[in-house]
2 protein chains.
Amino acid sequence: MPTSKDVARLAGVSQSTVSYVMSGKRPISAEVRRRVEEAMAQTGFQPNAGARALAGRRTSVVGLVVPFGPSADTTGLLPFVETIATGVREHDYDVLLVTADEGPSALTRLEGRRLCDAIVLMEIEAHDPRIEVAASLRVPVVLIGVPQDPRGLPCVDVDFAEAARLAVTELAASGHDRVVVLGHPAEAVARDVGYVRRFADSALATARAVGVAHEVVEPVEATPLGAERAVEAARLDRPGLTGLVVAGTSAVQPVLTALVRAGHVPGRDVTVIGVCTDAAAAAAEPAVTNVSLEPRDVSRLAVRTVFRLLDTEVADAPPDVALVTPTLTHRSTTARAAAPAA
Amino acid sequence: MPTSKDVARLAGVSQSTVSYVMSGKRPISAEVRRRVEEAMAQTGFQPNAGARALAGRRTSVVGLVVPFGPSADTTGLLPFVETIATGVREHDYDVLLVTADEGPSALTRLEGRRLCDAIVLMEIEAHDPRIEVAASLRVPVVLIGVPQDPRGLPCVDVDFAEAARLAVTELAASGHDRVVVLGHPAEAVARDVGYVRRFADSALATARAVGVAHEVVEPVEATPLGAERAVEAARLDRPGLTGLVVAGTSAVQPVLTALVRAGHVPGRDVTVIGVCTDAAAAAAEPAVTNVSLEPRDVSRLAVRTVFRLLDTEVADAPPDVALVTPTLTHRSTTARAAAPAA
DNA sequence: CTGAAAGCGCTAACAG
DNA sequence: CTGTTAGCGCTTTCAG
């Protein structure tokens, strides 16, 4: 296995020159650069990560703490992980995967052993015990999810308040008399993940603002039975046109199925707006109007935040909370109230 | 951030003694050990991973290549990743996550940069281009999945041949006249993942051996429509008792739903055996008799194989192919042929 | 624009 | 049972 010393000898330069050719941290003449690069190619040289980390005090690794473990909700986790892994590679960094069930000590280990240059913490709960520890680290930490008190840590997430606003405003504007929000599963509510409340609050506030009746059915379990119950609880037999807002990708299909089974025709006698990914919305049967909730967008933003933190010497402008704005896409489940004859 | 030198000074010993206390590679008197451990606790010392990797020539990291990327089937991937991450941590190792879309060069990078001590390659296809590269590495590689030619690399997987044997034997023994295998989705067949063929071949061979009629419906897409078509293609209107073997966790529920919708009663006029995880089988509606297919078992075996390889100086006994034996669990979907009156 | 040399923090001979 | 010492392969001053 060739070292930079071998490359240097072969190219007839000093070891430091090889280093500077790689890092670009000082000007190199074209001729020397050519010789070094040729020597590198010829030997198949690759820099030793450990040596680099030791001498350069940076690991080129991002620690990713994923919510595995007994209590974890791992539905839809993969797109996050994939996007982060891919995004990080584009900066020639790697991802060290750590499971959340290791607890807050995972964070101190990552920092203490110098295993990474930055940490991404996923699935943040409103009162997450890891925040305190994370805030005390010298290595930058980016949160995916917004806790009650971020302690100065940068957070990224979907703008759930805006998502609720979009959905409710849309329903009111298209002549619905009533908005029923089918909320999150009991497990998510119990864990007090930040977005549950932010979504609910915004839905309520918007409904009030635009003057439409508003009800909430919660918890809603993402199972055939749970969906059936939720549909019953929505009381669609009442007079007037109802708009259903279904929170959470996993609940959308079950609710649609339950509606059809109960004799309803989404898009005709009831409107359904899913709060889910565009892919899930398009694949649903029937294709459902949705407010997008794209893990990939959030992850990309997280990666960008990580490298902004890594690139700036000082923690200059603390970014605080950065939210991804969702968009509303109409599909087959939008109904319109009978309009005055045109 | 304290170093082992700080610990040594505080404990009044040499730096190497601190190292040996950590590694246990040579005897330490109780008294010295006590002083060192106290000094470590007092300073909050944690060994620098980079320095360790450089001096000790081992990284304490396992590289995990996961099938992300455009062409990837990531369904059910999480349990694998989680189990590997957790298992590896039990040996005080970490996991470096690499996406397969980086191609074979990911492997040379992991090796060349000394990023890990071993590599786990997931979702191996029958003719996987990475095998050749993997076989040429000096760092041990464990395959999850069995390729046509493993090139001497250790493989772990579920014993799909045994799974098919179990299912078909069971059906024949309980008086079924006909076995219909609902096979994998077109995408899996096209990618030529090893298990598709192994399962199919074994099902056929077993059916012949026990003398029961055998048909295959393939591909089967794991969607409502795909399941409906598959059920039609199974021609359950024919005389005699039919046993359906549904391959793949994601297809089981859709097929059950399609059966019920078509007026069948699983467990009464048709038997269904899912080839899926026990969890999925128990959660299905109705709970389905299944042949287990446990990602966690496979992953645990993979981790064990990794550390067996890491612990032995030489690659002594090449383990070749290690398969996890599935088990059959009866649930509500097993029907029995009318037996002679007891 | 380039070289020489001093470490980064740990491990593992080698010596006792 | 313990200490001394020589690196591991890079990065980065300091000199020129």
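The exercises below work through a predicted model, and each task is followed by a solution in steps.

**Exercise 1. Two helices of chain B**

Task: Work out at what angle helix α11 of chain B and helix α12 of chain B pack, and which residues meet.

Solution: Begin by finding the two elements, since helix α11 of chain B covers residues 224–233 and helix α12 of chain B covers residues 249–261. Their axes lie 8 Å apart and the helices pack at an angle of about 60°, which makes α11(B) oblique to α12(B). Next, look at the handedness, where the crossing of α11(B) past α12(B) is right-handed. Then list the residues on each side: α11(B) brings Ala227(B), Glu228(B) and Val231(B), and these meet Pro254(B), Val255(B), Ala258(B) and Leu259(B) of α12(B). Sorted by class, this contact holds six nonpolar residues, no polar ones and one charged residue.

**Exercise 2. The surroundings of DNA strand D**

Task: Describe which residues come nearest to DNA strand D and which helices supply the surface near the strand.

Solution: Start with the 30 residues around DNA strand D, of which Ser4(A), Tyr20(A), Arg26(B), Ser29(B) and Val32(B) come nearest. On the DNA side, 50% of the atoms of the strand that come within 4 Å of the protein are accounted for by sugar and phosphate. Turning to the helices, α2 (15–23) and α4 (49–56) of chain A, together with α2 (15–23) and α4 (49–56) of chain B, each supply at least two residues of the surface near DNA strand D, and α2(A) gives the most, with five residues. Finally, examine single polar contacts of chain B: a backbone N or O atom of Ser14(B) lies 3.1 Å from a phosphate oxygen of strand D, while a side-chain N or O atom of Thr17(B) is 2.7 Å from a phosphate oxygen. Ser16(B), by contrast, places a polar side-chain atom 3.1 Å from a base oxygen of DNA strand D.

**Exercise 3. The surroundings of DNA strand C**

Task: Find which helix gives the largest share of the surface near DNA strand C, and describe the polar contacts with phosphate oxygens.

Solution: The largest share, five residues, comes from α2(B). By class, the surface near DNA strand C has 12 nonpolar, 13 polar and five charged residues. For the contacts, take Ser14(A), with a polar backbone atom 3.1 Å from a phosphate oxygen of DNA strand C, and then Thr17(A), with a polar side-chain atom 2.7 Å from a phosphate oxygen of the strand. From chain B, a polar side-chain atom of Ser19(B) lies 2.8 Å from a phosphate oxygen of DNA strand C.

Notes
Residues numbered from 1 in each chain as written. Chains lettered and ligands numbered in written order. Predicted model: local features only at pLDDT ≥ 70, side-chain atom pairs only at ≥ 80, totals over all residues. Heavy atoms only, no water. Axes fitted to C-alpha atoms, helices over the stretch in contact; angles between N-to-C directions. Helix = DSSP H or I, 4+ residues; strand = E, 2+ residues; numbered from the N terminus. Parallel < 35°, antiparallel > 145°, perpendicular 65-115°, else oblique. Left-handed = near helix turned anticlockwise from the far one by under 90°. Contact = heavy atoms within 4.5 Å. Nonpolar A, V, L, I, M, F, W, Y, C, P; charged D, E, K, R; others polar. Near = heavy atom within 4 Å. Polar contact = N/O pair within 3.5 Å; in protein donor to acceptor, adjacent residues only side chain to side chain.
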